[in-house]
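Got your viewer open and your selection tool ready? Here's a short walk through this model, stop by stop.

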Amino acid sequence: MRKKPTRKPTIRKLTDSALRTWVAGLIRRQRVIGVQADGERFAFKPLTRAEDLRLDYDVTKIPPKKLFQPAAEPLLEYDQAANYRSIFETEPFVLFGVHPYDMVAILQMDQVFSEKHCDAHYFARRQNATIVVCDVQKASPNVFAGCMGTATIRKGYDVLMTRVGGHYVVEAGSPKGEALMEGLKNRPEADEASLHRREQVWEDNAKFLVRHTLRMKPAEIPALLQRSEDHPVWEEKAARCFSCGSCNLVCPTCYCFDVRDDVKWDLQGGMRRRYWDGCMLLNFANVAGGHNFRKNRADRYRHRYYRKGLYVPAKLGGEISCVGCGRCITACVSKIANPVEIYNRLLEER
Ligand code: SF4
Ligand code: SF4
């Protein structure tokens, strides 16, 4: 049988004003979530005006995971007669301006939430999203994506945008992306010079998104952790840990949740919801009978690193569950949550 020729993806060149016109058109037709200023920092929020979109941001406070797994999420309603109704969010939306490292984290979540039992609530949102990735234009204070191989991305997005000089190169990465770029069909195709400059941006980002230097390859982390269980660093750092869980909650690859039933006052029914949870919180490992199998702060502190560098990679074919966004480093008031510092120290001493 003759192989079907593969279609070349659409790649266009876009000026700033053409970008605004495109985004304004998208906003008129559907729900668009985009990166916007939020005080002195940045956040993914519903976009109502194209001019509020900020593709020059460094990092958002909370990763885009909140769009697929919200911090508090209704799962189902039930009544006393055991009738229940599952709740799914199915409104299509465009997620605009995701950085490559956050896209890598979303692809990891796709694997985790489809493992064994597919999570219908997560995928209801995920399948309705069209994701526009934008290459990083400004390094955040603690990013180390360049060390984790996540500074750039070549697959998994619907559209990829890269700022080259005074314009953007915009490439479709999926049929959904091609459909989104229908609105750009009158814009010029990207020329050779722009594509060449895009390659240069990718090379530069891999080199420069390194505010902390990991002195090993990410693939070496699991074996390093396997021989470091009794290292003194766990007790030493945990002595300054407040167990606040901020490092978990800002992390794009943390996905743990707690399911709770909120029963109506008259006991006639209720709502089942799930909420973000975090392994650094004291009650995270509480089980029936009031037993807590990680009551010790150092055990929780060490567990976070083992989870990211050993346990989850075993599920993800070796991929480390840290994309180097640096959010945990910024969020930790105690300044003890830097994964690079821990891994480098273990490497020196083990
Ligand atoms: S562990 Fe820290 S640096 Fe790594 S992905 Fe999570 S928040 Fe980002
Ligand atoms: S953010 Fe810092 S203080 Fe809070 S739980 Fe994480 S390591 Fe501990």
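Start by selecting ligand 1 and showing what is near it, meaning residues with a heavy atom within 4 Å. You should get Phe144, Cys251, Pro252, Arg304, Lys308, Cys322, Val323, Gly324, Cys325, Gly326 and Cys328. Colour that shell by class and you'll find 7 nonpolar, 2 polar and 2 charged residues. Here Ala, Val, Leu, Ile, Met, Phe, Trp, Tyr, Cys and Pro count as nonpolar, Asp, Glu, Lys and Arg as charged, and the others, Gly among them, as polar.

A word on what you're looking at: this is a predicted model, where local features need pLDDT of at least 70, side-chain atom pairs count only at pLDDT 80 or more, and totals for chains, interfaces and linings use all residues. Residues are numbered from 1 along each chain as its sequence is written, chains are lettered from A and ligands numbered from 1 in the order in which they are written, and side-chain values use heavy atoms, with hydrogens and water left out.

Now click Cys325, in the loop between α10 (297–315) and α11 (327–331); helices (H or I, at least four residues) and strands (E, at least two) are DSSP runs, numbered from the N terminus. Cys325 counts as buried because its relative accessibility is 8%, and buried means under 20% relative accessible area, exposed over 50%, partly exposed in between (1.4 Å probe, protein chains only). Beyond its neighbours within four places in sequence, Cys325 is in contact (heavy atoms within 4.5 Å) with Val59, Tyr101, Ser140, Asn142, Val143 and Pro252.

Next, ligand 2. Its surroundings are Cys241, Phe242, Ser243, Cys244, Gly245, Ser246, Cys247, Met280, Cys332 and Ile336. That shell has 7 nonpolar, 3 polar and no charged residues. Zoom in on Ser243, in the loop between α8 (233–238) and α9 (246–249): phi is near 55°, a positive value in a residue other than glycine.

For another positive phi, go to Ala82, where the angle is near 70°. Ala82 sits in the loop between β4 (72–79) and β5 (84–86), and counts as exposed because its relative accessibility is 60%.

Last stop: the largest nonpolar core, a set of buried Ala, Val, Leu, Ile, Met, Phe, Trp, Tyr and Cys residues joined through side-chain atoms within 4.5 Å. Of its 38 residues, Phe44, Phe68, Leu95, Val98, Met103, Ile131 and Val133 touch the most other members. The largest share of this core, 8 residues, comes from α2.
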